[in-house]
Amino acid sequence: MSDRHQPVETLLDQVDLSTFRSVMGSLPTGVSVVTSVTADGQPRGLTCSAVCSVSASPPLLLVCVKQPSATLEAIHESSAFAVNFLSSGMEDTARTFASPVPERFSDVPWSPGKRTGAPILPATVAHAECVLTSSHLAGDHQILVGRLVHGDVSPARTPLAYWRAQFSEVQPAA
């Protein structure tokens, strides 16, 4: 009997972590830093490649954040977050916010978002300020849905991408 005819329950847990990462790493993704502030105003942030639009009306996007996370706690405390879409050349910023270093903002300049106060990083392709509308548990992550309340774009910049465990640049087609 082929795998496609087996009951669903027998198909589960047949893919190991290495295969999962290899398959998902074949899809190039944009690189973002998701930020928020704690109740006492301390900035928090993490690198995130799981970001996508959900709806244009109302304007919703989602981010997926691994648990546990100080940034996730801050998002739930403040009910707001920002997504900073990194520009090419911002690999060091991506690595900083992906690291276990607790003070990720010590060498990274930022300004408070106009609507939410969530940290906005300079020199990004774009940023979106969001109000948290819902949170859903999915495996070891939470899927956070946010409604855009403000955003800005820098059209002259090109985005940083991540593909097959390497940073790369996205270039417009000629």
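Ser154 is found in the loop between strand 10 and strand 11 (160-163). The model that contains this residue is predicted. In it, 7 strands form an open sheet with antiparallel pairing, and the largest nonpolar core holds 14 residues. The UniProt annotation "domain: Flavin reductase like", from an unreviewed entry, covers residues 24-169.

**Ser154 and its surroundings**

- Ser154 counts as partly exposed because its relative accessibility is 22%, and partly exposed residues lie between the limits of 20% and 50%.
- Leaving aside neighbours within four places in sequence, Ser154 is in contact with Thr124 and Val125.
- The side chain of Ser154 also makes a polar contact of 2.9 Å with the side chain of Arg157.
- Ser154 and Leu46 are 108 residues apart along the chain, and their C-alpha atoms are separated by 21 Å.

**The sheet**

- The order of the strands across the open sheet is 3-2-6-9-10-5-4.
- Strand 3 (43-48) and strand 4 (51-56) stand at the edges with a single partner strand each, so one side of each is left without a neighbour in the sheet.
- On average, neighbouring strands of this sheet are turned by 35° against each other, direction ignored.
- Strand 5 (residues 59-66) and strand 10 (residues 141-153) run antiparallel and are joined by 7 bridges.
- Leu62 stands opposite Val145 in strand 10.

**Helices against the strands**

- Helix 3 (residues 70-78) lies across strand 2 (32-37), strand 3, strand 5, strand 6 (80-85), strand 9 (126-138) and strand 10. The direction of helix 3 is at about 50° to strand 2.
- Helix 4 (residues 91-98) packs on the sheet, where it touches strand 2 and strand 3. The direction of helix 4 makes about 110° with that of strand 3.

**Nonpolar cores**

- In soluble globular proteins, nonpolar side chains tend to be buried together.
- Within the largest nonpolar core, Val34, Leu61, Val63, Phe81 and Leu144 touch the most other members.
- Two or more residues of this core come from each of strand 3, strand 5, helix 3, strand 6 and strand 9.
- Not counting residues up to four places away in sequence, Val63 touches Val34, Cys48, Ala50, Val51, Phe81, Val83, Gln142, Ile143 and Leu144.
- Another core, of 10 residues, lies apart from the largest one and has Val31, Leu86, Phe105 and Val108 among its members.

**The annotated span**

- Residues 24-169, the span of the UniProt domain annotation, are 13% helix and 49% strand.
- The end C-alpha atoms of this span lie 18 Å apart.

Definitions and conventions
Residues numbered from 1 in each chain as written. Predicted model: local features only at pLDDT ≥ 70, side-chain atom pairs only at ≥ 80, totals over all residues. Heavy atoms only, no water. Pairing = 2+ DSSP bridges. Helix = DSSP H or I, 4+ residues; strand = E, 2+ residues; numbered from the N terminus. Axes fitted to C-alpha atoms, helices over the stretch in contact; angles between N-to-C directions. Contact = heavy atoms within 4.5 Å. Buried < 20%, exposed > 50% of the residue type's maximum accessible area, 1.4 Å probe, protein only. Polar contact = N/O pair within 3.5 Å; in protein donor to acceptor, adjacent residues only side chain to side chain. UniProt positions renumbered as here; feature names shortened; annotations may be inferred. Core = buried A, V, L, I, M, F, W, Y, C linked by side-chain atoms within 4.5 Å.
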